[in-house]
Amino acid sequence: MSLKQQLIDQVIEAWHSLQDKVPLVQCITNSVATNYTANILLAAGASPAMIDNPFETEAFTKISSALSINTGTPTTEQTQAMLISARTAQQQQTPWVLDPVGYGAVLRWRSETVDQLLNFKPNIIRANASEISTLAGNQTESKGVDSTLNSQDVYEQAKSLLQYSECIAISGESDFIISKQLNTVIQVNGGCYLQPKITATGCALGALTAAYHAVSTPTIAALASHIHFAIAGNLAYEHAQTVGSFNVAFLDYVHMLDDNLIRQYVDIELL
């Protein structure tokens, strides 16, 4: 059996495990994304909990199946909660995903927080191309929190981030997964150009990656979540070509994905 087929089989196994175990995912995310992220996790089969204050977060991280940290709109208290939860996740060996939204020279306070979070070794770092490039030490410009780079141009740079994490996932027109586990880069094709026009799709993808990591390895978790979104985006666009209708259809297909749809529509390449 080829490596590609093995990976697809493991993604399907992870999807089944997600449905069976309904992992509790703690999300410390941004105010723009909270509701959408929770709905995506529920649709996919996970159980979201948006516990993000420093007075509760240590106790809750200890009982969570996975942790997702997103730096989109950090407040002082939420930033404290991020550091507490990341430390607790590392101590408890709870899988956790870091989405360093807005990382760069302009937003120094959150970027310094991200630098601190890296010390707690996120299992997966997931971000757009500009954020990954800047995190890897390159001076790049972004348009707000949106990427100005192509993910294909960045995955070589991303390999340096494996000193902090087991797996790096770069989202874009095609997504790229880099991991310590494999001596290859996985390209995930699919999705739809309307996905970036819906607020919080990338943020929700980070949380879904955490959900999958509760039931699988970092590499398979990142691969499964990106395949899940790519197929849902493809199928949603077949039924709806305007942003509002597409948004509803996308959520529906996140929920309706199954092993047959994965086998039929999965599109990955090993580079």
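This is a short dialogue on reading a predicted model of one protein chain.

Colleague: How many helices and strands does the protein chain have?

Modeller: Start with the elements along the chain. The protein chain has 11 helices and nine strands.

Colleague: What does the radius of gyration say about the protein chain?

Modeller: The value is set against a rule for chain length. Here the radius of gyration is 17 Å and the globule rule gives 18 Å for 271 residues, so the protein chain is as compact as a globular protein of that length. Along the principal axes, the C-alpha atoms fill a box of roughly 45 × 40 × 40 Å.

Colleague: What share of the residues is buried?

Modeller: Of the 271 residues in the protein chain, 56% are buried. Contacts can be read by sequence separation too: among those with a separation of 6 or more, 70% are between residues 24 or more positions apart.

Colleague: How many positive and negative side chains are there?

Modeller: Count each set, then compare their centres. The protein chain has 13 positive and 24 negative side chains, and the two centres lie 6 Å apart.

Colleague: Take one residue. Where does Asn-30 lie?

Modeller: Asn-30 is in the loop between β1 (24–28) and α2 (34–44).

Colleague: Is Asn-30 buried or exposed?

Modeller: Buried means under 20% relative accessible area. Asn-30 has 4% relative accessibility, so it counts as buried.

Colleague: Which residues is Asn-30 in contact with, leaving aside neighbours within four places in sequence?

Modeller: Asn-30 is in contact with Asn-70, Gly-72, Thr-73 and Cys-203. Within its own stretch of chain, the Asn-30 side chain reaches the backbone nitrogen of Ala-33 at 2.9 Å.

Key. Residues are numbered from 1 along each chain as its sequence is written. This is a predicted model: local features need pLDDT of at least 70, side-chain atom pairs count only at pLDDT 80 or more; totals for chains, interfaces and linings use all residues. Side-chain values use heavy atoms; hydrogens and water are left out. Helices (H or I, at least four residues) and strands (E, at least two) are DSSP runs, numbered from the N terminus. The radius of gyration is taken over C-alpha atoms; the globule rule is 2.2 Å times the number of residues to the power 0.38. Buried means under 20% relative accessible area, exposed over 50%, partly exposed in between (1.4 Å probe, protein chains only). Contact means heavy atoms within 4.5 Å. Lys and Arg count as positive and Asp and Glu as negative; His and the chain ends are not counted. The place of a charge is taken as NZ of Lys, CZ of Arg, CG of Asp or CD of Glu. A polar contact is a pair of N or O atoms within 3.5 Å; within protein, one must be able to donate a hydrogen and the other to accept it, and residues adjacent in sequence count only if both atoms are side-chain atoms.
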